Amino acid sequence: MHNYVTWLRDSSPYINSHRDRTFVVMLPGDGLEHPNFANIVHDLVLLHSLGVRLVLAFGSRPQIEERLAARGIEPRFYRDLRITDSATLECVIDAVGHMRIALEARLSMDMAASPMQGARLRVASGNFVTARPIGVLDGVDYHHTGEVRRVDRKGIGRLLDERTIVLLSPLGYSPTGEIFNIACEDIATRAAIDLQADKLVLYGAERGLRDEAGKLVRELRPPQVPAYLERLVGTYQAELLDAAAQACKGGVRRSHVISYAEDGSLLNELFTRDGGDGTLVTQEQFEQLREATIEDVGGLIDLITPLEEQGILVRRSREVLEREVEQFSIVERDGLIIACAALYPIADSDSGELACLAVNPEYRHGGRGDELLERIEARARKLGLKTLFVLTTRTAHWFRERGFEPSGVERLPAARASLYNFQRNSKIFEKAL
């Protein structure tokens, strides 16, 4: 029960921030056949019930392969794209139509365990994607394999305004009535860009992306993606990563690569601060070190109050924090202040005091204290300060390991020495800048 309550409290900011946002979710055909698919449907319906404007793009590659095999047709590919001749197109239409109907049926179920029990959930699909043929490439005719020409942004927008879930199949249509087979990743990416979606969620078999050491890569910027693509060339993860980066370059704020095999991966990725087992590709910095503003006072209070209650930090009232907030540098992680430190120039001297260095207990092993110390020292040098003092009761060794030397009250400038609290008996350290 405690874990449930904690999770619900921690997720509440995301419930509010996701409401009325547009999410495009891409689920490949392999994911539709996975045993976890029923749970994914529940999670998607839950998103809808929380006010998310939901567009679901689905694929059907294994279903197409199954129908080709049944008809004795050899699948053909060039540059990782299916060559869709007339016989193959019939299998594509059969597979896509079957999957669309199956999805609509799933989303229509009134299950006791569903967050939409008792409510009628509307689903719409149609000719939202206008396509054009890829044509002949390197002498190879792709026939009915196409690419996205445009997405019916206004039509989809009207349906989303009416609280309808929109399904996008991997088919596109030309103004002359032709049908084209399109990669679902391309449709999802283009739809996210054209709809100005807040998020693109891409399901794959893997739990996000791994570096060469096998460690999960939690966050990337679009310029970092090419290096990973070189290592992942020829894999489906490379396709997902490229789609995520293209979406961000096109204006989508955040793209997530998650696993359809992991139960709850969508909810963990979207409703927890550190995400689940997915990889985030984002235009903006997920975690940033910056100077504090008056809007940060509430977050600073939440961070330092527990340490004040333990006697580790000197108690500061809201009024004091509001007055002194410009002295603080902070580390912000997705809207949460997880670390802070303040620099107070000491009057009538060329010295300053480093004060109120605090890091959220859940983030104390990521080097954020060192980042803040470097920031404070840089600020002090910019102000022309020559010496940095720190007074501490619990972290003397941490400061000594970072070049601070033991000092005493007699070394403090007069303006600071007169305020020294002998009852608190803080140890004094100094560092030449």
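This briefing covers the domains, the sheet with its helices, and the salt bridges of one protein chain. The model is predicted. The domain assignment splits the protein into domain 1 (2-282) and domain 2 (288-432). An open sheet of eight strands is described below, and the salt bridges come to 24.

**Domains**

- Domain 1 covers residues 2-282, and domain 2 covers 288-432, according to the domain assignment.
- The centres of domain 1 and domain 2 lie 46 Å apart, taken over C-alpha atoms.
- UniProt, in an unreviewed entry, places the feature "domain: N-acetyltransferase" at residues 287-426.
- Across residues 287-426, helix makes up 31% of the chain and strand 27%.
- The C-alpha atoms at the two ends of that stretch, 287-426, are 32 Å apart.

**The open sheet**

- Eight strands line up in the order S5-S10-S2-S1-S13-S17-S18-S16. Their pairing is mixed.
- Why does one side of S5 and of S16 have no neighbour in the sheet? Strand S5 (123-125) and strand S16 (219-220) stand at the edges, and each has a single partner strand, so one side of each stays free of a neighbour in the sheet.
- Strands of a sheet pair through backbone hydrogen bonds, and the pairing can be parallel or antiparallel.
- Strand S2 (residues 53-58) pairs with strand S10 (residues 165-168) in the parallel sense, over three bridges.
- Within that pair, Ala57 has Leu168 of S10 as its bridge partner.

**Helices on the sheet**

- Helix H5 lies across S2, S5 and S10. The direction of H5 makes about 145° with S2.
- Helix H7 also packs on the sheet, where H7 touches strand S1 (22-27), S2, S10 and strand S13 (199-204).
- The directions of H7 and S1 make an angle of about 175°.
- Both helices also carry salt-bridge residues: Arg100 and Glu104 sit in H5 (residues 86-108), and Glu185 sits in H7 (residues 184-194).

**A salt bridge between distant parts of the chain**

- Arg61 forms a salt bridge with Glu185. The closest N and O atoms are 2.7 Å apart.
- How many residues separate Arg61 and Glu185 along the chain? They are 124 residues apart, with Arg61 in helix H4 (residues 61-70) and Glu185 in helix H7.
- Is Glu185 buried or exposed? Glu185 counts as buried, because its relative accessibility is 3%, and the cut-off for buried is under 20%.
- Arg61 is partly exposed, at a relative accessible area of 33%.

**Salt bridges within helices**

- In helix H5, Glu104 and Arg100 meet through their side chains in a salt bridge, at 3.0 Å from N to O.
- Glu104 and Arg100 are four residues apart in H5, so about one helical turn separates them.
- Glu104 is partly exposed at 21% relative accessibility. Arg100 is partly exposed too, at 28%.
- In helix H12 (residues 318-324), the side chains of Arg318 and Glu322 form a salt bridge, with an N to O distance of 3.9 Å.
- Arg318 and Glu322 are also four residues apart, so the separation is again about one helical turn.
- Arg318 has a relative accessible area of 41% and is partly exposed. Glu322, at 37%, counts as partly exposed.

**A salt-bridge network**

- Which residues are linked in a network of salt bridges? Arg290, Asp296 and Glu332 are linked in this way.

Key. Residues numbered from 1 in each chain as written. Predicted model: local features only at pLDDT ≥ 70, side-chain atom pairs only at ≥ 80, totals over all residues. Heavy atoms only, no water. Salt bridge = Lys/Arg side-chain N within 4 Å of Asp/Glu carboxyl O. Buried < 20%, exposed > 50% of the residue type's maximum accessible area, 1.4 Å probe, protein only. Pairing = 2+ DSSP bridges. Contact = heavy atoms within 4.5 Å. Axes fitted to C-alpha atoms, helices over the stretch in contact; angles between N-to-C directions. UniProt positions renumbered as here; feature names shortened; annotations may be inferred. Domains from an automatic or database assignment.
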